[in-house]
Amino acid sequence: MADRPLTLMAVHAHPDDEATGTGGVLARCAAEGIRTVLVTCTDGACGDGPGGAKPGDPGHDPAAVAEMRRAELEASCEVLGISHLELLGYADSGMMGWPANTAPGSFWSTPVDEAAARLAELMRRHQPDVVVTYDENGFYGHPDHIQANRITMAALSLTGMAPKVYWTTAPRSMMQEFGKIMREFGAEWEEPEHPDQPDPAESGAMPEIGLPDEEITTWVDTTEFGGQKFDALAAHASQGENIFFLRMGKERFTQLMGVETFVRVHDTTGAPLPENDLFAGLR
Ligand SMILES: [Zn+2]
């Protein structure tokens, strides 16, 4: 059809988000000869440091954390067969309410237009057929995830919409199962320095994230690529919140995380819904 390969662009907030949210579809696309472009907006410097040091701890050097996470991101891209990694390089804004939200250079404090113009430039260069990012709540309310949604939608209106645009989501029907497994494997897992938010492992249910199943438009079976998704996440093993996934082992992880779900928010192909392929109508 086209004289260039089909292209998927995934816009993510931090190093490791590409693995948890879209590791399966990225690996699947790579296996199918689809070009994959990963845009990572921040340096992840508010993540865990070597030895599990948390931001603000004496052993937490943000520059060193950023450097370590960049190496982890490159390893993850290798595992997932990402064609192009593009780094916007903004400073990680931390969780909502942290001082890092407004620190100079933080992604959250960067005007949407400014970051969107840079992303639009990447869209013009790579000409994605499918663009994936988070929903307007950044899936779970993290400022950098919300900002990733905002700049992606703004960049798309600057360049003209890609043929298909998606927001990642999770089916509510899975959330209870998820909470159960989290308690089973996550006894030592805790949300770092965020006491004002209920600990999902304690409350027994995830907060209201994700969508009712009937609102999910796109269910992609990526179980075949579960091993790659697991290995990509393992490349980010310095981050405490990933360890819970890794504890599950590949098989259980693939059972739980093997189907990736999306909401189609823009489409010019007319591919009928629900669909099981981000590129339905484009191949
Ligand atoms: Zn993130």
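# Briefing: zinc site, cavity and backbone features

Pro274 is found in the segment that follows strand S7 (259-267). The peptide bond leading into Pro274 from Leu273 is cis, with omega near -5°. The model is predicted. A zinc ion is coordinated by His14, Asp17 and His145. The structure also holds one cavity of 30 Å³ or more.

**Zinc site**

- The donor atoms are ND1 of His14, two OD atoms of Asp17, and NE2 of His145.
- These atoms coordinate the zinc ion at 2.1 to 2.6 Å.
- In sequence, the donor residues follow the spacing H-x2-D-x127-H.
- Around the zinc ion, the four donor atoms subtend angles of 54 to 140°.
- A tetrahedral site with four donors needs all angles between 85 and 135 degrees. The angles here run from 54 to 140°, so the arrangement is irregular.
- Both His14 and Asp17 are buried.

**Asp16, in the loop before H1**

- Asp16 lies in the loop that runs between strand S1 (7-12) and helix H1.
- Phi of Asp16 is near 105°. That is a positive value in a residue other than glycine.
- Asp16 has a relative accessible area of 4%. Buried means under 20%, so Asp16 is buried.

**The largest cavity**

- About 40 Å³ of space lies in the largest cavity.
- The lining is made up of Val25, Arg28, Cys29, Glu32, Val220, Asp277, Leu278, Phe279 and Arg283.
- Helix H1 (residues 17-31) gives the most to this lining, with three residues.
- By class, the lining has five nonpolar residues and four charged ones. It has no polar residues.

**Thr222 and its contact in space with Val25**

- Thr222 has its place in the loop between strand S6 (218-221) and helix H8 (226-234).
- With a relative accessible area of 1%, Thr222 is buried.
- Thr222 and Val25 are 197 residues apart along the chain. Their C-alpha atoms are separated by 6.5 Å.
- Val25 is also one of the residues that line the largest cavity.

**Phe139, in helix H4**

- Phe139 lies in helix H4 (residues 138-141).
- Phe139 is not a glycine, yet its phi is positive, at about 70°.
- The relative accessibility of Phe139 is 22%. Phe139 therefore counts as partly exposed.

**Helix H6**

- Helix H6 spans residues 172-185 and has 14 residues.
- From its first C-alpha to its last, H6 reaches 20 Å. That is close to the 20 Å expected at 1.5 Å a residue.
- Buried residues in H6 include Met175, Phe178 and Gly179. Ile181, Met182 and Phe185 of H6 are buried as well.
- Met174 also lies in helix H6. At 25% relative accessibility, Met174 counts as partly exposed.
- Met174 and Gly210 are 36 residues apart in sequence. In space they are 9.3 Å apart, C-alpha to C-alpha.

**Points to take away**

- The zinc ion has an irregular arrangement of four donor atoms, and two of its donor residues, His14 and Asp17, are buried.
- Helix H1 gives three residues to the lining of the largest cavity.
- Two residues other than glycine show a positive phi: Asp16, near 105°, and Phe139, at about 70°.
- For the cis peptide bond, look from Leu273 to Pro274.

Key:
Residues numbered from 1 in each chain as written. Predicted model: local features only at pLDDT ≥ 70, side-chain atom pairs only at ≥ 80, totals over all residues. Heavy atoms only, no water. Donors = N, O, S within 2.8 Å, 3.2 Å for Na, K, Ca; no water. Tetrahedral: all angles 85-135°; square planar, octahedral: opposite > 155°, others 65-115°. Buried < 20%, exposed > 50% of the residue type's maximum accessible area, 1.4 Å probe, protein only. 1 Å grid on protein atoms, 1.4 Å probe; cavity = no way out; pocket = protein on both sides within 12 Å on 5 of 7 lines; lining within 4 Å. Points joined across faces, edges and corners; volume = space filled by probe spheres on them. Helix = DSSP H or I, 4+ residues; strand = E, 2+ residues; numbered from the N terminus. Nonpolar A, V, L, I, M, F, W, Y, C, P; charged D, E, K, R; others polar. Expected span 1.5 Å × (residues − 1).
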